[in-house]
Amino acid sequence: MAGKKGARVKGNATATKSAVPDVYQDMLSEALPTQSEIPERPLKRRKTGRRDSPVARSSPAAKREEEDEDLEFEDVLDTSLQDFGSEQDIPVKRQQTAYRDSDDESDDSDGEWQGLNLDAEPEDDEPSGDLDLTLIKKTIPQVKPAASRRRLVGKVEKAERLEKHKMHVLCLLSHLDRRNYWCNDSEVQKSLRPLLDKKMLTFLRPKESLSQFGRTDSLKRGLDSVAVMWRTRFSITARGLRRALWADDEKDLQNYRFDDGEILDKSDFRAAAKTLKGSRDVGAQLFCALLRSANVETRLVCSLQPLSFNSGGPAMAKFKPKPRETTPETTHRETCNPRTDFQFGTPGDAAAHLTSRRRLGHPSAAAYHMPEVSAPSRPLAKPKPKPIHESDYPTFWIEVFDEAHQKWFPVDPLVTESIAKPRSFEPPASDRENNMSYVIAFEEERCARDVTKRYVKAYNAKTRRNRVESTSGGERWWRRAMRPYGRGYKSDADQIEDTELTANVAKEPMPKNIADFKDHPIYALERHLKRNEILTSTRDCGRVAAGRDLNVPGGKKLEKIFRREHVKVGKSADAWYRLGREVKIGEQPVKTVPAKRRPDDMDFDDGRGDLEERAGTNLYTEEQTEIYEAPPIVNGRVPKNSYGNLDVYVPSMVPPGGVHLRDDETARAARLLSIDYSDALTGFSFRGRHGTAILQGAVIASEYREAVEAVIEGFRDERAQAEETRRTNVALRTWKLMLLKLRIKERVDAYKDPDEEEEEEDAGDLPDGMELEDSDDGGGTEDDGDDDYGGGGFIPE
């Protein structure tokens, strides 16, 4: 095979010199006869450049000569020459074609060049014979993602959210109370006490002989040294309390996972005090226990993170299933499994899977069974701890009491690393992990105080709208919720603290944007007035920028700001009447609101707009009304309206000389005594737009009150007597039934045979498991067909 024409090498080498050494030729001659039936694509590389001859060769020999001139070898044998005995036996190669836009294109495909006419003459307008590849990036139209709109919350859902918000707040208060109780544990304080050296204790306990400033400075120095020590000794290994968010879909809850290492028991809290590891919330709690062990008056402060009842705010992250991680190693293992795809000892299969490069130098590799050698096991790498991403603002910290100034100041040793800087604890509104709405401080005696006003910058403008006090009846509910954690009395320090918190709210500046003026307890804008609210004074207390206006000097449109005390609630005359007040004579309405269009108005409107517009509602303020006085009762005659009853919405609407008895038997007693009365209309029960009158008791003359009450008491006695009679009858029927059953049992027992009674007595004397044998005289229990016992105590029919 050496010296063939088809084995030309690149450069100045002659065509007669073989590129394959003789040693390789002998090795290949032994291996190739068993592989002659395997068609394999030669590993060749075609030269680039313009062809020398513009005329296409027609003879097969010329084609082979041209191809041989263009071939070059990289120390690889052309297997196509080895499969045939001579040069004339080489078949004509088919034209190859490539499809670059195919999705299944692969470097290992043998037919990727089929259909391409490599010998065709280039046309005049074609470029040179060089391979010219033009890669055009397929432009994909970019679709802008739809902006996530805030989901609207209906009235029913908002009420449900408010109830869940209240329940969550109560649960968080109980949780904070339990953690504060754990900080007083003697075992926890005993484990932490050795961390304080003598110098720290000296600073934490200043002498009373020092001045007021000296005692405060000594306390702060001691707290600073203890905080530095605590930061170096305590390790944060888990997440702490974070903001609770609403999920738009139930599937989003699948993405929520409880944090590992969360302390749920007191024993875990004691273990954390020994190991000094845990979340930064646990670190603040243990720091509180450390200071209490040194007799420093300390509070445990927490910023509660309840579910919001407002529609605003971020939502829980959408659930996205994690895609399966694929690596080149795993992909190769899945596509090519050596144990199933290849078996040693089968030459044909081995040659089909092994390339010529792997067979080179190993002619008998297909017939050789190679033993499997397992790779040495590598030591498992230690998993890197996942980074903990939390808010830059804490949820737990402490407050220390400065006895010299009778004030509390905050201390945070882990997150903000600050002392006496209350303004550095409020997170921004964009923080998804933390929101400051309720800040509660628990003292060592397990009494709590609401200190939110000390840490927030805009309590009335921003914080208050996220609290339950902004809702109807919320202030009363919050007082009841904090009542179990009250001290029972107010100390001097509590009174000083109340004055400080009130001063902080009073120093709050006026809002700078329009959104913060809505429902503000001090300021109001005319655009935010409700339908029934009236501005009684046009005197403004300031102005706020409300957009651009080129017609005014400065180019800014300014809107007037009014005080909330000048905003009054207006009601119609009928609404004031239901509150026991009537509009004064001669008063003019301060505001007239248009009537709302009702759905039933569409039935009468034929589309031409001929439907007359309903008259508006006149509104009056409380100053324009006076207390309603009903006509008096004269000679025992009670006044009535057109419906035969009397409006008594409030107690002041009872006519003079009369009395309102709320008992349902009042009308019956008055009819029995032949006394004039009038049913009392106390309100309406509305279902939609229609209301049903609620009648409760009756109104009578005051001189008949004792007589009517006596009759009502007699009615009650009659009802009690009737109930007692009913119960007696039920008891008598029960006793009668039981006695009847006893008589029937006695009569049935009288029909028993004396012999059967003896057998039953003997059977009772036998040991357990033994029974009497049946006698042969027919005295057994088998029925002989003669029934002489009648009907079991009854006469058989």
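Author: Buried means under 20% relative accessible area, exposed over 50%, and partly exposed in between, with a 1.4 Å probe and protein chains only. Helices (H or I, at least four residues) and strands (E, at least two) are DSSP runs, numbered from the N terminus. Residues are numbered from 1 along each chain as its sequence is written, and side-chain values use heavy atoms, without hydrogens or water. The model is predicted: local features need pLDDT of at least 70, side-chain atom pairs count only at pLDDT 80 or more, and totals for chains, interfaces and linings use all residues.

Reader: Which residues of helix 8 are buried?
Author: Helix 8 covers residues 266-275. What covers its buried residues includes helix 4 (155-182), helix 5 (186-192), strand 2 (277-279) and helix 9 (280-293). The buried residues are Phe 269, Ala 272 and Ala 273.

Reader: Why are those residues on the same side of helix 8?
Author: Take the directions from the helix axis to the C-beta atoms; the arc is that of these directions. The buried residues lie on the same side of helix 8 because they cover an arc of only 105°.

Reader: Which residue follows helix 8, and what is its phi?
Author: The residue after helix 8 is Leu 276. Its phi is positive, near 55°.

Reader: How many disulfides does the structure hold?
Author: A disulfide is a covalent bond between the sulfur atoms of two cysteines. Here the test is a pair of cysteine sulfur atoms within 2.5 Å. Cys 288 is in no disulfide, as the nearest cysteine sulfur, that of Cys 183, is 4.5 Å away. The count of disulfides is 0.

Reader: Is Cys 288 buried or exposed?
Author: Cys 288 has 0% relative accessibility. Cys 541, at 31%, is partly exposed. Cys 288 counts as buried.

Reader: Which side chain makes a polar contact with that of Ser 418?
Author: Ser 418 is in strand 6 (residues 418-419) and is buried, at 6% relative accessibility. Beyond four places in sequence, its contacts (heavy atoms within 4.5 Å) include Pro 410 and Phe 425. A polar contact is a pair of N or O atoms within 3.5 Å; within protein, one must be able to donate a hydrogen and the other to accept it, and residues adjacent in sequence count only if both atoms are side-chain atoms. At 3.0 Å, the partner is Thr 416.

Reader: Which residue of strand 8 is the bridge partner of Ala 441?
Author: Two strands pair if DSSP finds at least two bridges between them. Strand 7 (residues 438-442) pairs in the antiparallel sense with strand 3 (residues 298-304) over 5 bridges, and with strand 8 (residues 448-450) over 3. On the strand 3 side, Ala 441 is the partner of Val 301. On the strand 8 side, the partner is Arg 449.

Reader: Which residues of strand 7 point the other way from Tyr 438, Ile 440 and Phe 442?
Author: In strand 7, 5 of 5 residues are buried. Both faces are therefore covered by buried residues. Opposite the three named are Val 439 and Ala 441.

Reader: Which side chains make polar contacts with that of Arg 487?
Author: Arg 487 sits in the loop between helix 16 (474-482) and helix 17 (492-506), partly exposed at 29% relative accessibility. Beyond four places in sequence, Arg 487 touches Glu 443, Cys 447 and Asp 494. Its polar contacts are at 3.1 Å with Glu 443 and at 3.2 Å with Asp 494.
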